[in-house]
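Here are a few notes to go with the structure as you look at it for the first time. Have a look around, then read on.

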Amino acid sequence: MQLKFILFPLVFSLAGLHLHAQETNKPKDETEDLMKMLESETDNKGTAYTTATFKTTRIANGHSIENLGKGVLDFRINHRFGRINQGFSEFFGLDNASTRIGFDYGITDWLMVGIGRSTYLKDADGFVKARILRQTDNDRMPLSLSYVGAMSIQATELYPPPAGSGIEYKFSQRVAYINQLLIARKFANWLSLQLMPTHIHYNFVQFRDDPNDVFAIGLGGRIKLSNRIALTGEYYMVVPPNDRLTGTRNSLTLGFDIETGGHVFQLLFSNSTGITERTVIGQTTGGWDKGDIHFGFNISRVFTVVKPKGFESSRNKIW
Amino acid sequence: MKKILLLAAIAGLAAYQGNAQKLMTRTGKVSFFSATPVENIEAFNNEVAGVLDTKSGDLMFIVPIKSFKFEKALMQEHFNENYMESDKFPKAEYKGKADLAGVNFTKDGSYKVKASGKLTMHGVTKDVSGPGTIVVKAGSATVNAKFTVNPTDYGIKIPAVASSKISDKIEVTIDTNLKNK
(Lines give C-alpha, C1' and ligand atoms only; values in the text may rest on other atoms or scores of the structure.)
Protein backbone atom coordinates (compact mmCIF):
# COMPACT_ATOMS: atom_id res chain seq x y z
CA MET A 1 0.00 0.00 0.00
CA GLN A 2 2.65 2.39 1.04
CA LEU A 3 4.89 1.41 -1.77
CA LYS A 4 2.24 2.34 -4.30
CA PHE A 5 2.04 5.85 -2.89
CA ILE A 6 5.74 6.27 -3.28
CA LEU A 7 5.70 4.86 -6.76
CA PHE A 8 3.03 7.24 -8.03
CA PRO A 9 4.86 10.51 -7.53
CA LEU A 10 8.07 8.91 -8.68
CA VAL A 11 6.56 7.95 -12.01
CA PHE A 12 4.98 11.34 -12.44
CA SER A 13 8.14 13.18 -11.68
CA LEU A 14 9.99 10.92 -14.09
CA ALA A 15 7.48 11.66 -16.82
CA GLY A 16 7.80 15.34 -16.02
CA LEU A 17 11.55 15.13 -16.25
CA HIS A 18 11.22 13.47 -19.60
CA LEU A 19 8.99 16.25 -20.90
CA HIS A 20 11.28 18.83 -19.44
CA ALA A 21 14.27 17.35 -21.16
CA GLN A 22 12.45 17.53 -24.45
CA GLU A 23 11.55 21.14 -23.82
CA THR A 24 15.08 22.35 -23.15
CA ASN A 25 16.78 21.17 -26.33
CA LYS A 26 13.79 22.02 -28.44
CA PRO A 27 14.54 24.89 -30.81
CA LYS A 28 17.29 23.34 -32.95
CA ASP A 29 17.04 19.60 -32.49
CA GLU A 30 13.28 19.44 -32.86
CA THR A 31 13.38 20.72 -36.44
CA GLU A 32 16.36 18.51 -37.18
CA ASP A 33 14.44 15.52 -35.87
CA LEU A 34 11.42 16.41 -37.99
CA MET A 35 13.62 16.73 -41.05
CA LYS A 36 15.19 13.35 -40.36
CA MET A 37 11.78 11.82 -39.88
CA LEU A 38 10.65 13.22 -43.20
CA GLU A 39 13.78 12.18 -45.02
CA SER A 40 13.47 8.61 -43.82
CA GLU A 41 9.89 8.67 -45.09
CA THR A 42 10.87 9.81 -48.57
CA ASP A 43 13.92 7.57 -48.82
CA ASN A 44 11.89 4.46 -48.09
CA LYS A 45 9.54 5.27 -50.89
CA GLY A 46 10.02 2.63 -53.57
CA THR A 47 12.78 2.68 -56.14
CA ALA A 48 13.04 5.38 -58.77
CA TYR A 49 13.64 4.26 -62.33
CA THR A 50 16.55 5.79 -64.18
CA THR A 51 15.16 8.09 -66.84
CA ALA A 52 16.50 9.60 -70.06
CA THR A 53 19.18 7.02 -70.80
CA PHE A 54 18.84 8.26 -74.38
CA LYS A 55 17.06 11.33 -75.71
CA THR A 56 14.68 9.46 -77.95
CA THR A 57 13.56 5.99 -78.97
CA ARG A 58 16.36 5.65 -81.54
CA ILE A 59 20.09 6.05 -80.98
CA ALA A 60 20.62 7.01 -84.63
CA ASN A 61 19.56 4.23 -87.00
CA GLY A 62 18.61 1.59 -84.49
CA HIS A 63 16.48 1.39 -81.39
CA SER A 64 17.48 2.77 -78.01
CA ILE A 65 16.23 1.48 -74.67
CA GLU A 66 13.74 4.35 -74.46
CA ASN A 67 10.02 3.74 -74.90
CA LEU A 68 7.26 6.20 -75.65
CA GLY A 69 4.98 6.98 -72.73
CA LYS A 70 1.49 5.55 -72.64
CA GLY A 71 -0.78 7.25 -75.14
CA VAL A 72 2.03 9.11 -76.93
CA LEU A 73 2.18 9.15 -80.73
CA ASP A 74 5.53 9.85 -82.36
CA PHE A 75 5.66 10.97 -85.98
CA ARG A 76 9.13 10.29 -87.36
CA ILE A 77 10.75 11.37 -90.58
CA ASN A 78 14.13 9.80 -91.29
CA HIS A 79 16.13 11.11 -94.20
CA ARG A 80 19.36 9.79 -95.71
CA PHE A 81 21.09 11.60 -98.53
CA GLY A 82 23.33 9.93 -101.09
CA ARG A 83 27.02 9.19 -100.58
CA ILE A 84 29.17 12.27 -100.04
CA ASN A 85 31.88 10.79 -102.31
CA GLN A 86 29.57 11.22 -105.30
CA GLY A 87 31.15 14.60 -105.78
CA PHE A 88 29.91 17.94 -106.92
CA SER A 89 27.76 16.68 -109.82
CA GLU A 90 25.53 14.95 -107.24
CA PHE A 91 26.13 17.80 -104.79
CA PHE A 92 27.93 15.41 -102.43
CA GLY A 93 24.93 13.15 -102.21
CA LEU A 94 22.37 15.79 -101.41
CA ASP A 95 20.70 15.32 -104.82
CA ASN A 96 19.62 11.83 -103.80
CA ALA A 97 17.53 11.02 -100.82
CA SER A 98 16.07 7.99 -99.18
CA THR A 99 13.44 8.42 -96.50
CA ARG A 100 11.44 6.51 -93.96
CA ILE A 101 8.18 7.95 -92.72
CA GLY A 102 6.77 6.27 -89.67
CA PHE A 103 4.42 6.40 -86.75
CA ASP A 104 5.24 4.96 -83.33
CA TYR A 105 2.76 4.64 -80.50
CA GLY A 106 3.06 3.86 -76.80
CA ILE A 107 0.38 1.35 -75.77
CA THR A 108 1.63 1.22 -72.20
CA ASP A 109 4.73 2.64 -70.56
CA TRP A 110 6.49 -0.65 -71.28
CA LEU A 111 5.12 -1.57 -74.71
CA MET A 112 5.34 0.40 -77.93
CA VAL A 113 4.59 -0.41 -81.56
CA GLY A 114 5.49 1.29 -84.80
CA ILE A 115 5.05 1.14 -88.55
CA GLY A 116 6.99 2.77 -91.34
CA ARG A 117 7.60 2.89 -95.06
CA SER A 118 11.05 3.40 -96.54
CA THR A 119 12.18 4.49 -99.99
CA TYR A 120 15.10 2.06 -99.92
CA LEU A 121 13.86 -1.30 -101.32
CA LYS A 122 10.31 0.14 -100.96
CA ASP A 123 10.29 -1.45 -97.55
CA ALA A 124 7.26 -1.53 -95.24
CA ASP A 125 8.12 -2.42 -91.65
CA GLY A 126 6.47 -2.88 -88.30
CA PHE A 127 7.91 -3.45 -84.86
CA VAL A 128 7.11 -4.12 -81.22
CA LYS A 129 9.38 -2.97 -78.41
CA ALA A 130 8.85 -4.17 -74.85
CA ARG A 131 10.66 -3.28 -71.66
CA ILE A 132 11.72 -6.29 -69.59
CA LEU A 133 13.98 -4.74 -66.95
CA ARG A 134 14.51 -1.12 -65.95
CA GLN A 135 17.60 0.33 -64.35
CA THR A 136 16.94 2.00 -60.99
CA ASP A 137 18.67 5.02 -59.48
CA ASN A 138 19.76 3.05 -56.40
CA ASP A 139 21.37 0.35 -58.63
CA ARG A 140 19.29 -2.48 -57.21
CA MET A 141 18.73 -3.08 -60.93
CA PRO A 142 21.91 -2.02 -62.68
CA LEU A 143 20.70 -2.54 -66.28
CA SER A 144 17.76 -1.93 -68.52
CA LEU A 145 16.69 -4.68 -70.88
CA SER A 146 14.22 -4.49 -73.76
CA TYR A 147 13.17 -6.70 -76.63
CA VAL A 148 12.55 -5.51 -80.18
CA GLY A 149 10.74 -7.70 -82.66
CA ALA A 150 10.29 -6.44 -86.20
CA MET A 151 9.14 -7.60 -89.60
CA SER A 152 9.78 -5.95 -92.90
CA ILE A 153 8.33 -6.50 -96.35
CA GLN A 154 10.08 -5.13 -99.38
CA ALA A 155 8.07 -4.23 -102.47
CA THR A 156 11.16 -4.11 -104.70
CA GLU A 157 11.78 -7.50 -106.30
CA LEU A 158 15.45 -7.74 -105.50
CA TYR A 159 16.31 -10.87 -107.48
CA PRO A 160 13.33 -11.43 -109.75
CA PRO A 161 13.13 -14.70 -111.67
CA PRO A 162 13.83 -14.29 -115.38
CA ALA A 163 10.82 -13.16 -117.41
CA GLY A 164 8.94 -16.04 -119.04
CA SER A 165 10.48 -18.61 -116.72
CA GLY A 166 7.10 -19.18 -115.14
CA ILE A 167 8.62 -18.96 -111.68
CA GLU A 168 6.49 -16.97 -109.34
CA TYR A 169 8.01 -14.31 -107.03
CA LYS A 170 6.30 -15.29 -103.83
CA PHE A 171 5.19 -12.89 -101.13
CA SER A 172 7.18 -14.79 -98.53
CA GLN A 173 10.34 -13.99 -100.49
CA ARG A 174 9.87 -10.32 -99.65
CA VAL A 175 9.81 -10.82 -95.89
CA ALA A 176 12.53 -10.53 -93.26
CA TYR A 177 12.30 -10.85 -89.46
CA ILE A 178 14.34 -9.21 -86.73
CA ASN A 179 14.83 -10.22 -83.09
CA GLN A 180 16.87 -7.88 -80.96
CA LEU A 181 17.74 -7.43 -77.31
CA LEU A 182 18.71 -4.02 -75.98
CA ILE A 183 20.89 -4.02 -72.86
CA ALA A 184 21.59 -0.53 -71.63
CA ARG A 185 23.05 1.30 -68.70
CA LYS A 186 23.20 4.98 -67.89
CA PHE A 187 26.62 5.12 -66.24
CA ALA A 188 26.42 8.80 -65.46
CA ASN A 189 24.34 11.74 -66.46
CA TRP A 190 26.66 12.28 -69.43
CA LEU A 191 27.32 8.68 -70.45
CA SER A 192 24.97 5.91 -71.57
CA LEU A 193 26.00 2.69 -73.32
CA GLN A 194 23.96 -0.03 -74.96
CA LEU A 195 24.59 -3.53 -76.33
CA MET A 196 22.31 -4.92 -79.05
CA PRO A 197 22.58 -8.63 -79.84
CA THR A 198 20.55 -9.06 -83.01
CA HIS A 199 19.22 -11.88 -85.13
CA ILE A 200 17.90 -11.29 -88.64
CA HIS A 201 16.16 -13.90 -90.71
CA TYR A 202 15.89 -13.34 -94.46
CA ASN A 203 13.32 -15.59 -96.06
CA PHE A 204 15.09 -15.22 -99.38
CA VAL A 205 18.73 -14.45 -100.17
CA GLN A 206 20.48 -13.91 -103.48
CA PHE A 207 23.27 -16.50 -103.39
CA ARG A 208 23.36 -20.13 -102.38
CA ASP A 209 26.19 -19.40 -99.92
CA ASP A 210 24.42 -16.47 -98.27
CA PRO A 211 23.06 -17.29 -94.82
CA ASN A 212 19.34 -16.89 -94.20
CA ASP A 213 20.12 -16.07 -90.58
CA VAL A 214 22.51 -13.25 -89.83
CA PHE A 215 23.68 -12.55 -86.28
CA ALA A 216 25.19 -9.29 -85.11
CA ILE A 217 26.34 -7.52 -81.97
CA GLY A 218 25.64 -3.83 -81.78
CA LEU A 219 27.28 -1.27 -79.53
CA GLY A 220 25.71 2.13 -79.09
CA GLY A 221 26.29 5.07 -76.86
CA ARG A 222 25.59 8.64 -75.98
CA ILE A 223 27.80 11.35 -74.54
CA LYS A 224 25.95 14.43 -73.40
CA LEU A 225 27.69 17.63 -74.42
CA SER A 226 25.10 19.87 -72.79
CA ASN A 227 21.56 19.51 -71.49
CA ARG A 228 20.24 19.74 -75.05
CA ILE A 229 23.01 18.38 -77.26
CA ALA A 230 24.49 14.89 -77.23
CA LEU A 231 26.99 12.96 -79.30
CA THR A 232 25.80 9.50 -80.35
CA GLY A 233 27.42 6.50 -81.98
CA GLU A 234 26.28 3.11 -83.14
CA TYR A 235 28.23 0.13 -84.55
CA TYR A 236 26.85 -3.22 -85.65
CA MET A 237 29.30 -6.08 -86.12
CA VAL A 238 28.10 -9.19 -87.90
CA VAL A 239 29.25 -12.33 -86.04
CA PRO A 240 30.90 -14.49 -87.11
CA PRO A 241 32.30 -11.93 -89.55
CA ASN A 242 32.06 -14.21 -92.59
CA ASP A 243 28.46 -15.30 -92.02
CA ARG A 244 27.03 -12.35 -93.87
CA LEU A 245 25.27 -11.49 -97.09
CA THR A 246 27.71 -11.17 -99.99
CA GLY A 247 29.27 -7.74 -100.32
CA THR A 248 27.97 -6.30 -97.09
CA ARG A 249 29.87 -4.45 -94.39
CA ASN A 250 29.42 -3.53 -90.75
CA SER A 251 27.41 -0.39 -90.13
CA LEU A 252 28.89 2.59 -88.31
CA THR A 253 26.87 5.70 -87.54
CA LEU A 254 27.94 8.84 -85.71
CA GLY A 255 25.51 11.59 -84.89
CA PHE A 256 24.24 14.43 -82.78
CA ASP A 257 21.01 14.68 -80.83
CA ILE A 258 19.65 18.19 -80.67
CA GLU A 259 16.54 18.75 -78.66
CA THR A 260 14.28 21.78 -78.96
CA GLY A 261 11.01 21.66 -77.04
CA GLY A 262 8.71 19.07 -78.58
CA HIS A 263 11.19 18.04 -81.29
CA VAL A 264 14.30 15.96 -81.26
CA PHE A 265 16.62 16.40 -84.23
CA GLN A 266 19.22 13.78 -84.92
CA LEU A 267 21.93 14.66 -87.40
CA LEU A 268 24.10 11.76 -88.45
CA PHE A 269 26.74 10.32 -90.74
CA SER A 270 26.47 6.65 -91.67
CA ASN A 271 27.70 4.13 -94.22
CA SER A 272 24.17 2.66 -94.30
CA THR A 273 21.66 3.72 -96.95
CA GLY A 274 18.69 1.99 -95.42
CA ILE A 275 16.93 2.93 -92.22
CA THR A 276 15.25 -0.28 -91.02
CA GLU A 277 17.14 -2.76 -88.82
CA ARG A 278 17.52 -5.47 -91.43
CA THR A 279 18.95 -3.08 -94.05
CA VAL A 280 21.26 -1.26 -91.64
CA ILE A 281 22.58 -4.30 -89.77
CA GLY A 282 22.54 -6.89 -92.54
CA GLN A 283 22.56 -5.09 -95.88
CA THR A 284 24.94 -2.15 -95.54
CA THR A 285 27.30 -2.06 -98.52
CA GLY A 286 29.09 1.27 -98.15
CA GLY A 287 32.47 1.67 -96.51
CA TRP A 288 33.67 4.59 -94.44
CA ASP A 289 37.19 4.02 -95.82
CA LYS A 290 35.94 4.59 -99.37
CA GLY A 291 33.96 7.68 -98.48
CA ASP A 292 30.58 5.94 -98.87
CA ILE A 293 29.17 8.13 -96.15
CA HIS A 294 25.60 9.32 -96.06
CA PHE A 295 24.55 12.48 -94.32
CA GLY A 296 21.13 12.11 -92.76
CA PHE A 297 18.72 13.34 -90.16
CA ASN A 298 15.80 12.10 -88.08
CA ILE A 299 13.00 14.35 -86.95
CA SER A 300 10.66 13.25 -84.20
CA ARG A 301 7.51 15.08 -83.16
CA VAL A 302 5.45 13.67 -80.31
CA PHE A 303 1.75 14.12 -79.69
CA THR A 304 -0.08 13.13 -76.54
CA VAL A 305 -3.08 11.25 -77.90
CA VAL A 306 -4.48 9.85 -74.68
CA LYS A 307 -4.32 12.09 -71.62
CA PRO A 308 -2.67 10.31 -68.72
CA LYS A 309 -4.76 9.57 -65.64
CA GLY A 310 -5.27 12.48 -63.29
CA PHE A 311 -5.14 15.12 -66.02
CA GLU A 312 -8.85 15.09 -66.92
CA SER A 313 -9.44 18.40 -65.14
CA SER A 314 -5.96 19.87 -65.50
CA ARG A 315 -5.38 23.35 -66.85
CA ASN A 316 -2.92 22.19 -69.51
CA LYS A 317 -3.62 23.94 -72.78
CA ILE A 318 -1.87 25.00 -75.97
CA TRP A 319 -3.37 28.10 -77.52
CA MET B 1 2.39 -6.84 -10.95
CA LYS B 2 -0.15 -4.09 -10.54
CA LYS B 3 2.59 -1.56 -10.19
CA ILE B 4 4.33 -2.64 -13.34
CA LEU B 5 1.10 -2.38 -15.25
CA LEU B 6 0.54 1.08 -13.91
CA LEU B 7 4.03 2.12 -14.81
CA ALA B 8 3.65 0.79 -18.32
CA ALA B 9 0.33 2.60 -18.71
CA ILE B 10 1.79 5.91 -17.62
CA ALA B 11 4.87 5.51 -19.74
CA GLY B 12 2.67 4.64 -22.69
CA LEU B 13 0.51 7.69 -22.10
CA ALA B 14 3.53 9.95 -21.96
CA ALA B 15 4.87 8.51 -25.19
CA TYR B 16 1.52 8.90 -26.88
CA GLN B 17 1.32 12.55 -25.92
CA GLY B 18 4.83 13.05 -27.25
CA ASN B 19 3.80 11.90 -30.71
CA ALA B 20 0.35 13.40 -30.83
CA GLN B 21 1.67 16.83 -31.70
CA LYS B 22 3.16 15.75 -35.01
CA LEU B 23 0.91 15.36 -38.02
CA MET B 24 2.51 13.69 -41.02
CA THR B 25 2.03 12.42 -44.54
CA ARG B 26 4.03 10.91 -47.35
CA THR B 27 1.32 11.24 -49.96
CA GLY B 28 0.94 15.00 -49.87
CA LYS B 29 -0.15 16.89 -52.96
CA VAL B 30 1.75 19.73 -54.53
CA SER B 31 1.11 21.06 -58.02
CA PHE B 32 2.36 23.95 -60.10
CA PHE B 33 0.88 25.94 -62.91
CA SER B 34 2.60 28.07 -65.52
CA ALA B 35 0.39 30.25 -67.68
CA THR B 36 1.61 32.05 -70.79
CA PRO B 37 -0.17 33.24 -73.92
CA VAL B 38 1.39 30.28 -75.80
CA GLU B 39 0.86 27.36 -73.47
CA ASN B 40 -0.51 26.52 -70.03
CA ILE B 41 1.39 23.84 -68.17
CA GLU B 42 0.27 22.09 -65.01
CA ALA B 43 2.07 19.28 -63.20
CA PHE B 44 1.07 17.27 -60.16
CA ASN B 45 2.98 15.53 -57.40
CA ASN B 46 1.25 13.12 -55.04
CA GLU B 47 4.35 11.85 -53.26
CA VAL B 48 5.20 14.78 -51.05
CA ALA B 49 6.30 14.13 -47.48
CA GLY B 50 5.10 16.69 -44.98
CA VAL B 51 5.04 17.22 -41.24
CA LEU B 52 3.39 19.80 -38.99
CA ASP B 53 4.22 20.17 -35.35
CA THR B 54 0.93 21.35 -33.88
CA LYS B 55 2.68 22.71 -30.79
CA SER B 56 5.64 24.59 -32.20
CA GLY B 57 4.14 25.33 -35.62
CA ASP B 58 7.15 23.83 -37.40
CA LEU B 59 6.07 22.98 -40.94
CA MET B 60 8.16 21.02 -43.42
CA PHE B 61 7.77 19.51 -46.82
CA ILE B 62 10.07 17.37 -48.91
CA VAL B 63 9.10 17.24 -52.58
CA PRO B 64 10.73 14.56 -54.75
CA ILE B 65 11.22 16.34 -58.09
CA LYS B 66 11.03 13.20 -60.23
CA SER B 67 7.52 12.54 -58.89
CA PHE B 68 6.02 15.51 -60.72
CA LYS B 69 3.72 14.12 -63.40
CA PHE B 70 3.14 15.98 -66.64
CA GLU B 71 0.53 15.39 -69.28
CA LYS B 72 3.30 15.12 -71.87
CA ALA B 73 5.92 12.48 -71.16
CA LEU B 74 8.56 14.40 -73.11
CA MET B 75 7.87 17.57 -71.13
CA GLN B 76 8.33 15.61 -67.91
CA GLU B 77 11.69 14.40 -69.18
CA HIS B 78 12.78 17.91 -70.13
CA PHE B 79 11.62 19.21 -66.75
CA ASN B 80 13.88 16.71 -65.00
CA GLU B 81 16.79 16.70 -67.44
CA ASN B 82 17.10 20.29 -68.57
CA TYR B 83 15.44 22.50 -66.00
CA MET B 84 15.37 20.97 -62.50
CA GLU B 85 18.39 18.68 -63.10
CA SER B 86 16.76 16.21 -60.74
CA ASP B 87 19.69 13.78 -60.79
CA LYS B 88 21.75 16.52 -59.14
CA PHE B 89 18.94 18.06 -57.07
CA PRO B 90 16.46 15.25 -56.40
CA LYS B 91 14.40 17.05 -53.74
CA ALA B 92 12.91 20.43 -53.01
CA GLU B 93 12.55 21.28 -49.32
CA TYR B 94 10.43 23.74 -47.44
CA LYS B 95 11.32 24.49 -43.83
CA GLY B 96 9.00 26.93 -42.20
CA LYS B 97 6.99 27.94 -39.20
CA ALA B 98 3.25 28.45 -39.15
CA ASP B 99 1.60 30.78 -36.67
CA LEU B 100 -0.89 28.41 -35.08
CA ALA B 101 -2.14 30.74 -32.35
CA GLY B 102 -5.71 30.71 -33.63
CA VAL B 103 -5.88 27.04 -34.53
CA ASN B 104 -7.70 24.55 -32.34
CA PHE B 105 -6.71 21.07 -33.47
CA THR B 106 -9.41 19.46 -31.37
CA LYS B 107 -12.21 21.40 -33.04
CA ASP B 108 -13.20 20.84 -36.67
CA GLY B 109 -13.08 23.94 -38.83
CA SER B 110 -11.13 26.05 -41.27
CA TYR B 111 -8.44 28.30 -39.82
CA LYS B 112 -6.47 31.04 -41.55
CA VAL B 113 -2.77 30.90 -40.78
CA LYS B 114 0.43 32.58 -41.85
CA ALA B 115 3.63 30.70 -42.52
CA SER B 116 7.15 31.87 -43.21
CA GLY B 117 10.19 29.85 -44.07
CA LYS B 118 12.77 28.86 -46.62
CA LEU B 119 12.29 26.96 -49.87
CA THR B 120 15.29 25.13 -51.27
CA MET B 121 15.19 23.82 -54.83
CA HIS B 122 17.70 23.40 -57.62
CA GLY B 123 20.33 24.08 -54.95
CA VAL B 124 19.10 27.60 -54.19
CA THR B 125 17.39 28.69 -50.96
CA LYS B 126 14.90 31.57 -50.87
CA ASP B 127 12.48 32.94 -48.31
CA VAL B 128 8.90 31.99 -49.00
CA SER B 129 6.11 33.19 -46.76
CA GLY B 130 2.44 33.86 -47.05
CA PRO B 131 -1.05 33.06 -45.91
CA GLY B 132 -2.75 29.69 -46.05
CA THR B 133 -5.50 27.73 -44.42
CA ILE B 134 -5.54 24.71 -42.17
CA VAL B 135 -8.71 22.66 -42.27
CA VAL B 136 -9.07 20.51 -39.16
CA LYS B 137 -11.29 17.49 -39.48
CA ALA B 138 -11.42 14.64 -37.01
CA GLY B 139 -7.89 15.27 -35.79
CA SER B 140 -6.31 15.49 -39.26
CA ALA B 141 -5.20 18.78 -40.78
CA THR B 142 -5.29 19.76 -44.44
CA VAL B 143 -2.78 22.46 -45.31
CA ASN B 144 -3.75 24.66 -48.27
CA ALA B 145 -1.49 27.37 -49.61
CA LYS B 146 -0.60 29.10 -52.84
CA PHE B 147 2.49 31.09 -53.71
CA THR B 148 4.43 32.03 -56.83
CA VAL B 149 8.05 31.32 -57.70
CA ASN B 150 10.22 32.65 -60.49
CA PRO B 151 12.41 29.90 -61.98
CA THR B 152 15.31 32.26 -62.61
CA ASP B 153 15.43 33.07 -58.87
CA TYR B 154 16.40 29.45 -58.33
CA GLY B 155 19.08 29.41 -61.02
CA ILE B 156 16.91 27.57 -63.53
CA LYS B 157 17.91 28.62 -67.00
CA ILE B 158 15.23 28.87 -69.64
CA PRO B 159 16.51 29.03 -73.22
CA ALA B 160 15.15 31.61 -75.64
CA VAL B 161 13.15 29.03 -77.63
CA ALA B 162 11.20 27.99 -74.54
CA SER B 163 10.91 31.37 -72.83
CA SER B 164 7.56 32.17 -74.42
CA LYS B 165 6.10 28.91 -73.08
CA ILE B 166 7.29 29.06 -69.48
CA SER B 167 6.00 31.75 -67.15
CA ASP B 168 8.26 33.69 -64.80
CA LYS B 169 5.44 33.56 -62.24
CA ILE B 170 4.80 29.89 -61.55
CA GLU B 171 1.94 29.27 -59.17
CA VAL B 172 2.63 26.54 -56.62
CA THR B 173 -0.35 24.97 -54.87
CA ILE B 174 -0.12 22.89 -51.71
CA ASP B 175 -3.09 20.74 -50.79
CA THR B 176 -1.87 18.22 -48.29
CA ASN B 177 -3.69 16.20 -45.68
CA LEU B 178 -1.59 15.54 -42.58
CA LYS B 179 -2.55 12.81 -40.14
CA ASN B 180 -1.55 11.62 -36.76
CA LYS B 181 1.04 8.94 -37.11
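What percentage of the 181 residues of chain B count as buried?

1. The figure is 49% for chain B. Keep in mind that this is a predicted model. As for the outside, chain B exposes about 9,100 Å², with carbon and sulfur atoms supplying 58% of that.

2. Now the layout. Chain B is built from three helices and eight strands, and reading from the N terminus the order is α-β-β-β-α-β-β-β-β-α-β. Take the contacts in chain B between residues at least 6 apart in sequence: 59% of them join residues at least 24 apart.

3. On to the enclosed spaces: there are four cavities of 30 Å³ or more. The largest cavity comes to about 200 Å³. Its lining has 20 residues, and those nearest the centre are B:Leu59, B:Tyr94, B:Ala115, B:Gly130 and B:Ala145. Strands E3, E4, E5, E6 and E7 of chain B each give at least two lining residues, with E6(B) providing the largest share, seven. By class, this lining holds 13 nonpolar, five polar and two charged residues.

4. The second largest cavity is about 100 Å³. It has 14 lining residues, with A:Gln154, A:Leu158, A:Tyr202, A:Phe204 and A:Arg278 closest to its centre. Here the split is eight nonpolar, four polar and two charged.

5. Don't skip the second largest pocket, at about 180 Å³. Its lining includes A:Tyr120, A:Leu158, A:Phe207, A:Asp210 and A:Gln283. The classes there are six nonpolar, five polar and one charged.

Methods. Residues numbered from 1 in each chain as written. Chains lettered and ligands numbered in written order. Predicted model: local features only at pLDDT ≥ 70, side-chain atom pairs only at ≥ 80, totals over all residues. Heavy atoms only, no water. Helix = DSSP H or I, 4+ residues; strand = E, 2+ residues; numbered from the N terminus. Buried < 20%, exposed > 50% of the residue type's maximum accessible area, 1.4 Å probe, protein only. Contact = heavy atoms within 4.5 Å. Areas by Shrake-Rupley, 256 points an atom, 1.4 Å probe, with all protein chains shown as cover. 1 Å grid on protein atoms, 1.4 Å probe; cavity = no way out; pocket = protein on both sides within 12 Å on 5 of 7 lines; lining within 4 Å. Points joined across faces, edges and corners; volume = space filled by probe spheres on them. Nonpolar A, V, L, I, M, F, W, Y, C, P; charged D, E, K, R; others polar.
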